[in-house]
Amino acid sequence: MSQPDNGISSVLAETRSFPPSPDFVARARLDADKLAGLHAAAATDYIGFWGDLAKKELAWQTPFRTVLDDSDAPNYRWFTDGKTNASVNCLDRHLGSRGDKIAIRFEADKGGARTFTYKQLHAAVCKLANGLKSLGVVKSDRVIVYLPHTPEAVIALLACARIGAIHSVVFGGFSASSLKDRIEDTAAKWIITADGNSRGGNVIDLKKTVDESLASGGKTVEKVVVLKHGDNAVQMSAGRDIWWHELVATQADRCEPEWVEAEHPLFLLYTSGSTGKPKGIQHSTGGYLLGAHLTCQWIFDLKEDDVFWCTADVGWITGHSYVTYGPLSNGATVMMFEGVPTYPDAGRFWKICQDHGVTIFYTAPTAIRALMKLGDDWPKKYDLSKLRMLGSVGEPINPEAWMWYHRVIGNEKLPIVDTWWQTETGAAMISPIPGAMPTKPGSCTKPLPGIFCEIVNEAGVPEKGKEAGGYLVITKPWPHMLRTIWGDNERYKKAYFGQFPQQADGGYFYVAGDGAHRDKDGYYWIMGRVDDVLNVSGHRLGTMEVESALVSHPRVAEAAVVGRPHDVKGEAICAFVILKGTRPEGAEAEKLIKELRDHVAKEIGAIAKPDDIRLADGLPKTRSGKIMRRLLRSIAKGEAITQDTSTLENPAILEQLAQTN
Ligand code: WT7
């Protein structure tokens, strides 16, 4: 198995283990016995297990009779004959008991807070839903959401859900070109955006990016709804652009929900794969909602008076499941923050925790590592006593960062849940249950109830025995799994279920794309991607995407991109670039490298800017012309080449590449 050594292998030597405090256990929704009960129920009757939970936890307009339809596997369908609506689950069902409870607490980048109660959120969602209807949006239409991380993003998602439209959020950091690709793939006729936003004090002109993307394509778009948020002077295109506040001004604050089949697509969210083209991951309404809802209860021990802060942007799956659908369907209070952890200073996250009384804090290892580097004094300035548990998501967390989180933020007593999952899985899959089991620094512990994982070898055969290493697969379908890749069901089957043969029982193994180890206690340790996908600061990027962006520059003949370990970002992007014509040196080379980095930012977004660009005369290739990436990975890390290079066509190039830095 070609597994990137991202430095995480040291976790396998990790022996520390931290049980939850008796205090936490005493109040936890799930203790060890209750968790064992759930696992036992799922093991004996897996269909009944999910069916009972779906009935009990979600509000259905028409109850379902079929729990799982696997007649067209691996296109699985859950709760097919039931009808529901995600916005009703997140809003209407709380109006009686929690109408005046705060649903969202928001803090802007430059300070200033706003809140929405459940009643207010419901009214705002209904108004926008009516506004969208007035623009012609109907069930199954795709609506692109390109907004900053503000309450309006949540409102936009729920307004789409209310009328059965399919939202597709594009993260505000993506470029005009990425936005255009997503508009074209979804054939959306509507975009919801803003006049701009502020991150770390910098103004980001989202509307301008929308205009650029529509100037170059995206011809399906008819209307652009613009939220006034950034105080930017924007150009409104007559007949096409309409202000959000004007659109909703005359709309009623009630809107009858569109009852949709459980399988009705709730959203599309694009993510990177191992080819150049991002995949539109399609999630369902019923199954997805169940996963987001239940995992909030199980892994975050969510209770009525919690203030739940997941720091992810709504542009990512984490922002869908743990800022929007999961906490709101549980009637929780959600914290939202528009900005970055280090603005105006490195105490910002901790000040927000203090000022808003955050009780559950969920962030990415990259943020933990960045804040750890800035020292213990920042968190110590603030009162973090309301915090009762911590979470981590998005990439492997190294034990050092885990221990800092535990010691400095958790005061050595708060449980930490390291949650493993993916855009495709919809909700957390492998995670501690905080009141029910000890945690180990760097391990996401065990699969959740109803989720069945194995570690398999190259041939797809599960490793027997607890201790094992290999590919992580999920052996049974689960309600919140992706349903397909928008417009490309063949790719769905091939990318996720095609690697290993169909099983004797007719089922398929879902291949996660991650390598993993399982220790003697049955705990999982995720080792990182085994495909050509990078994880840079918790953001997923395909090496081929970055390569295509590079070769679209007129000076570039060929490019190969690999990851190398980075102590804050997890992985850094290293690109080897072969130019057309002569290779410049010195200041001229520097200038071109900067130009290439900016070019990638323009093609994909700033998150994809290569950290290193190495100009060279050739790439290490086999005689059949295949680039030997593992050699490039060693070179990127500055390691001596120890691998077998006898199949290389041009071994001399290695020496040159090693000197390019
Ligand atoms: C990939 C999925 C989960 C939502 C955010 C990322 C990596 C995710 C962990 C974790 C180790 C993790 C995996 C996975 N990953 N969580 N707790 N420990 N690795 O979603 O962008 O779809 O990326 O992120 O490599 O495959 P995504």
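Let's start with strand 22, residues 468-474. This strand is mostly covered, with 6 of its 7 residues buried. One thing to keep in mind throughout: the model is predicted.

So who are the neighbours of strand 22? On one side there is strand 21, residues 453-456. The two run antiparallel and are joined by 4 bridges. As one example of the pairing, Val473 in strand 22 stands opposite Glu454. Then there is strand 24, residues 510-518. Here 6 bridges make the connection to strand 22, again antiparallel. Take Tyr471: its bridge partner in strand 24 is Gly515.

Now zoom out to the sheet. It is open, it has 4 strands, and the order reads 21-22-24-25 with antiparallel pairing. The edges are strand 21 and strand 25, each of which pairs on one side only. On average, neighbouring strands in this sheet are turned by 45 degrees against each other, direction ignored.

Next, a single residue: Thr425. Find it in the loop between strand 20 and strand 21. Is Thr425 buried or exposed? Buried, because its relative accessible area is 0%. What does Thr425 touch, leaving aside neighbours within four places in sequence? The list is His283, Ile474, Trp478, His480, Met481 and Tyr510. You have met part of that neighbourhood already: Ile474 falls in strand 22, residues 468-474. Tyr510 falls in strand 24, residues 510-518. There is also a long jump along the chain. Leu482 is 57 residues away from Thr425 in sequence, yet their C-alpha atoms are separated by 6.2 Å.

On to the other sheet. This one is open too, with 7 strands in the order 5-4-17-16-18-19-20 and mixed pairing. At the edges sit strand 5, residues 113-117, and strand 20, residues 416-419, each pairing on one side only. The twist averages 20 degrees from one strand to the next.

Look at the strand 20 end. Strand 19, residues 389-393, runs parallel to strand 20, and 4 bridges join them. Leu390 has Ile416 of strand 20 as its bridge partner.

Several helices come into the picture here. Helix 11, residues 317-329, lies across strands 4, 16, 17, 18 and 19. Its direction is at about 165 degrees to strand 16.

Then helix 15, residues 399-409. This helix is mostly covered: 9 of its 11 residues are buried. Among them are Trp402, Trp404, Tyr405 and His406. What do the buried residues of helix 15 pack against? Helices 12, 13 and 14, plus strands 18, 19 and 20. After helix 15 comes Asn411, with a positive phi near 50 degrees.

One of those packing partners deserves a closer look. Helix 12 covers residues 348-356, and its buried residues are Arg348, Phe349, Trp350, Ile352, Cys353 and His356. Just after helix 12 there is another positive phi: Gly357, at about 60 degrees.

Last stop, the ligand. How many residues surround it? The count is 17, and the closest are Asp418, Thr419, Thr423, Asp514 and Arg540.

Three short distances are worth having on the slide. First, Thr419: a backbone N or O atom of this residue lies 2.7 Å from a nitrogen atom of the ligand. Second, Thr423: a polar side-chain atom lies 2.6 Å from a ligand oxygen atom. Third, Arg540: an N or O atom in its side chain is 2.7 Å from an oxygen atom of the ligand.

How much of the ligand does the protein bury? Taken alone, the ligand exposes 550 Å², and the protein buries 95% of that. Which elements give two or more residues to the shell? Helix 11, strand 20 and strand 25, residues 524-529.

That brings the two sheets together. Strand 20 is an edge strand of the 7-strand sheet. Strand 25 is an edge strand of the 4-strand sheet. Both give residues to the shell around the ligand.

Conventions. Residues are numbered from 1 along each chain as its sequence is written. This is a predicted model: local features need pLDDT of at least 70, side-chain atom pairs count only at pLDDT 80 or more; totals for chains, interfaces and linings use all residues. Side-chain values use heavy atoms; hydrogens and water are left out. Buried means under 20% relative accessible area, exposed over 50%, partly exposed in between (1.4 Å probe, protein chains only). Two strands pair if DSSP finds at least two bridges between them. Axes are lines fitted to C-alpha atoms, for helices over the stretch in contact, and angles run from 0 to 180 degrees between N-to-C directions. Contact means heavy atoms within 4.5 Å. A residue is near a molecule or strand if one of its heavy atoms lies within 4 Å of it. A polar contact is a pair of N or O atoms within 3.5 Å; within protein, one must be able to donate a hydrogen and the other to accept it, and residues adjacent in sequence count only if both atoms are side-chain atoms. Accessible areas come from the Shrake-Rupley method with a 1.4 Å probe; for residues, only the protein chains shown count as cover.
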